[in-house]
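Morning, everyone. I have one structure to go through, starting with the chain as a whole and then moving to helix packing and a few single residues. Here is the sequence with the model.

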Amino acid sequence: MPEQDAINRAALDDLLATTGGDPAFLAELIDTYFEDSATLVPAMRQALTASSAEQLRRAAHSLKSNSASLGAEDLAVLCRELEEQGRVGVLGGAAERLAQVEAEYERVRRALVAARPAG
């Protein structure tokens, strides 16, 4: 799947409109997303290593919400599934789902780099 399909461009355009059409602010939001996700994805991996369902739930919830706000809908769905696994305390299959999250996050990252306003 092409990287541009990793994000819903209309959602990103809506976010830009919501911020008053300020491309510098949108770039800042994308940069903050990258900073946050740089800790959230490893936190999910660490949660699985420690068998901490609650830590997994929290990290997946945060990445889900942040991703959805930038139009990364497929990534948000995968994170929601991990969040639910953490909520119910069932970690079976979570490692495979996390691998999907990591792959999808990489697609989202490339798409957002391409979509990020310069400046």
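Start with the contacts. Taking pairs of residues at least 6 apart in sequence, 65% of the contacts in the protein chain join residues at least 24 apart. Keep in mind that this is a predicted model.

The secondary structure is quickly described. The protein chain has five helices and zero strands, so the order of elements from the N terminus reads α-α-α-α-α. The radius of gyration is 14 Å, close to the 14 Å that the globule rule gives for 119 residues, so the chain is as compact as a globular protein of that length. Along the principal axes, the C-alpha trace spans about 40 × 25 × 20 Å. Of the 119 residues, 39% are buried.

Now the helix pairs. I will take α1 with α2 to begin with.

Helix α1 covers residues 9-18 and helix α2 covers residues 23-49. Their axes come within 9 Å and cross at roughly 120°, and the two helices are therefore oblique to each other. The crossing of α1 past α2 is right-handed. Which residues make the contact? On α1 they are L12, L15 and L16, and on α2 they are P23, L26 and L29. By class, that contact has six nonpolar residues, no polar ones and no charged ones.

Next, α2 with α3, where α3 is residues 53-69. Here the axes are 8 Å apart and the packing angle is about 150°. Angles over 145 degrees count as roughly antiparallel, and α2 is accordingly assigned as roughly antiparallel to α3. In this pair α2 passes α3 in a left-handed crossing. The contact list from α2 is Y33, D36, S37, L40, V41, A43, M44, Q46, A47 and L48. From α3 it is Q55, L56, A59, A60, S62, L63, N66 and S67. How do the residues of this contact divide by class? There are 11 nonpolar, six polar and one charged.

One residue from that list gets its own slide: S37, in helix α2. Is S37 buried or exposed? The relative accessible area of S37 is 2%, and the cut-off for buried is under 20%, so S37 is buried. Leaving out residues up to four places away in sequence, S37 touches P42, L63 and Y105. L63 also appears on the α3 side of the contact between α2 and α3.

Another serine is worth a look, this time in a loop. S51 lies between α2 and α3. The phi of S51 is positive, about 55°, although S51 is not a glycine. S51 has a relative accessibility of 55% and counts as exposed.

The last residue is Q85, in helix α4, which runs over residues 73-88. With 10% relative accessibility, Q85 counts as buried. What does Q85 touch, not counting residues up to four places away in sequence? The partners are V90, L91, G92, G93, A94 and R97.

To recap the packing: α1 and α2 are oblique, while α2 and α3 are roughly antiparallel. For the single residues, S37 is buried, Q85 is buried and S51 is exposed. That is what I have for today.

Methods. Residues are numbered from 1 along each chain as its sequence is written. This is a predicted model: local features need pLDDT of at least 70, side-chain atom pairs count only at pLDDT 80 or more; totals for chains, interfaces and linings use all residues. Side-chain values use heavy atoms; hydrogens and water are left out. Axes are lines fitted to C-alpha atoms, for helices over the stretch in contact, and angles run from 0 to 180 degrees between N-to-C directions. Helices (H or I, at least four residues) and strands (E, at least two) are DSSP runs, numbered from the N terminus. Angles under 35 degrees count as roughly parallel, over 145 as roughly antiparallel, 65 to 115 as roughly perpendicular and the rest as oblique. A crossing is left-handed if the near helix is turned anticlockwise from the far one by less than a right angle, and right-handed if clockwise. Contact means heavy atoms within 4.5 Å. Ala, Val, Leu, Ile, Met, Phe, Trp, Tyr, Cys and Pro count as nonpolar, Asp, Glu, Lys and Arg as charged, and the others, Gly among them, as polar. Buried means under 20% relative accessible area, exposed over 50%, partly exposed in between (1.4 Å probe, protein chains only). The radius of gyration is taken over C-alpha atoms; the globule rule is 2.2 Å times the number of residues to the power 0.38.
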